[in-house]
Every structure is written in C-alpha cells, then in structure tokens.
Amino acid sequence: MVRVGLQLYTVREALDNDFEGTLRKVAELGYQGVEFAGFYGRSAQQVTEILNETGLIALGAHTPYEKLRDQLEEEITFNLAIGNRYLICPYLSEEDRNRWDEVIEDLKVIGKRCHEAGVVLCYHNHEFELTQLIGDKTVLDTIYEEVPASLLQVELDSCWVSYAGYDPLQYITKYSDRLPILHLKDMITKEDGSPETVELGKGEITIKAIADAAVDAGVEWLVVEQDYCAQDALESIKVSMDWIHGYAKQGGNLNV
C-alpha cells in the first residue's frame, strides 16, 4: 500500500529554527516519511536519532546536481547511514539547461555508481524539462530515453507536468515501470500566468485523479510538497494531510 511523505523543503523555515521539533510535528500530523532537502548541519547520527524517535522514514533526499557530480561518495555514505536509498536530482540551474548532452552523460555516471552502492538515483522535474525540446522530444522524455531505468528512476512532480501543459495521468502511465515516488502538489494560476502552490484540494490540479493513477501505477510514496505557503507552513501541511485523510476515507488505497 502506498505511503505518504512530505518534502521538507515545504517547511524549510521551521526546520532552520527547530530541526528536531519540526520533524516531531511532521510525524504528529501523520506523515510517514520525509524527503530531505538538506540536513541543516546535522550529522548522520543526529538525523538517525530523530528519525528513530519519531518513526519517520527517510524516503529520499533532494541532492543538488553539483553534489551528485562532485561529492557523490560522501552523499552515498551519509544517506545510507540514515537509511535512505533514494538520491534525487531536484533542479538544474539555467546555465546547465544549455548543455543537456553533458548532463545526461553525468546522470549515467552518477546512476551507475549509485547502483553499485545500493542506492537509487531519481530525477525530479519542473516545467522547463517539458517546455524545452531536444529535437522533437521534450527534455524530460529525452533524459529517460537516454538513461536506462537501471540507472535512473522517475520522481514525477505532477503539478509541474500540468503547469507545463501536459497530462500528468499520461506521464504516470508512461513511466509507471520506473516511478517509485510521485510529488502530489496543488496550485493556482495567478492573473499574470505564474503559478502559486497551495494546500491540497485548494487549487486547480486534478489531484484526486493523479493520486488514483499513482496508486494504480504502484508508486511507493506519494510526497506532499508546497513550494510556497501563504500561511504558516506547518498549518499548510496539516491542511494537506486533512485532504489525504479524506481521500483515504473515500477509498483511496493509502496507508495513513
């Protein structure tokens, strides 16, 4: 059964003020796992201690491309020590988006070393991988065609797929055989056309259909993420968890 986690970037300010206390609150709200976006100066032992205390699972870690490329051994060692087996490339700077051939070759090298070490490399998309083309294919599709599933798995951000003008359900189906983690995120489109992330159920994304498709595809984790919170982030993740519980009560096959 699919489990529900939180991308901790959502509560980054709270973590900066009180790392351990924030993780306790995340666990109290019912999240079963956390996807790290930095460790706030904590050692692997300190992270492990708070995970053990709260019962939270380290489901993944967003790790900057530069660290994956230049400090991979350290990242592998740290993450294995905290029980995390998913290293995720979360974002590429604009300058890196002009050299996709090199990035793809780097992903092959990184993925091979991760595989050898018992770690899984994933790629997390934004909208630009879908609005930018290489030939007649999107960058995202090109990445997954060029780098085999044995070296690179998919962490699909369904919200960004939708914002880019594509159907998240089609992408879930397309990559269902290599999709362990899916980001479940809601948003509104502002008057100027820019996106603003909101709590689950408060926006325009078809999150129930996306969650249904992800569950049917056999994902391991649905990960709640809100890039920007208009209210207190801890309140926002509570509202999103309330939606998750409502979804489960209506038949959603989630372990919550």
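Okay, let's start with a lysine: Lys-137 is partly exposed, at a relative accessible area of 35%. Its partner is Glu-145, and the two side chains meet in a salt bridge, 2.7 Å from N to O. Glu-145 is partly exposed as well, with 49% relative accessibility. Before I go on, keep in mind that this is a predicted model.

Glu-145 sits in H8, which covers residues 139-146, so let's look at how that helix packs. The axes of H8 and H6, the latter being residues 100-117, come within 10 Å, and they cross at roughly 40°. What do we call that arrangement? The two helices are oblique to each other, because the oblique class leaves out angles under 35 degrees, which count as roughly parallel. As for handedness, H6 and H8 make a right-handed crossing.

Who is touching whom? On the H6 side you have Trp-100, Ile-104, Leu-107 and Lys-108, and they meet Val-139, Thr-142, Ile-143 and Glu-146 from H8. Sort the residues of that contact and you get 5 nonpolar, 1 polar and 2 charged.

Now stay on H6 and slide along to its other contact. Helix H5, residues 72-81, packs against H6 at an angle of about 35°, and here the axes are 11 Å apart. This crossing is right-handed too. From H5, Leu-72, Glu-73, Ile-76 and Leu-80 come up against Ile-110, Arg-113, Cys-114 and Ala-117 in H6. That contact splits into 6 nonpolar and 2 charged residues, with no polar ones.

Hang on to Arg-113 for a second. Besides meeting H5, Arg-113 forms a salt bridge with Glu-116, where the closest N and O atoms are 3.5 Å apart. How far apart are they in helix H6? Arg-113 and Glu-116 are 3 residues apart, so about one helical turn separates them. Both are partly exposed: Arg-113 has a relative accessible area of 28%, and Glu-116 comes in at 49%.

One more pair, over in helix H11, residues 207-217. The side chains of Asp-212 and Lys-208 meet in a salt bridge, 3.0 Å from N to O. They lie 4 residues apart in the helix, again about one turn. Asp-212 is partly exposed at 26%, and so is Lys-208 at 41%.

Back to Arg-113 to wrap up the charges: Glu-73, Lys-112, Arg-113 and Glu-116 are joined into one network by salt bridges that share partners. And how many salt bridges are there in total? The count comes to 16. Okay, that's me done.

Technical notes
Residues are numbered from 1 along each chain as its sequence is written. This is a predicted model: local features need pLDDT of at least 70, side-chain atom pairs count only at pLDDT 80 or more; totals for chains, interfaces and linings use all residues. Side-chain values use heavy atoms; hydrogens and water are left out. Axes are lines fitted to C-alpha atoms, for helices over the stretch in contact, and angles run from 0 to 180 degrees between N-to-C directions. Angles under 35 degrees count as roughly parallel, over 145 as roughly antiparallel, 65 to 115 as roughly perpendicular and the rest as oblique. A crossing is left-handed if the near helix is turned anticlockwise from the far one by less than a right angle, and right-handed if clockwise. Contact means heavy atoms within 4.5 Å. Ala, Val, Leu, Ile, Met, Phe, Trp, Tyr, Cys and Pro count as nonpolar, Asp, Glu, Lys and Arg as charged, and the others, Gly among them, as polar. A salt bridge is a side-chain nitrogen of Lys or Arg within 4 Å of a carboxyl oxygen of Asp or Glu. Buried means under 20% relative accessible area, exposed over 50%, partly exposed in between (1.4 Å probe, protein chains only).
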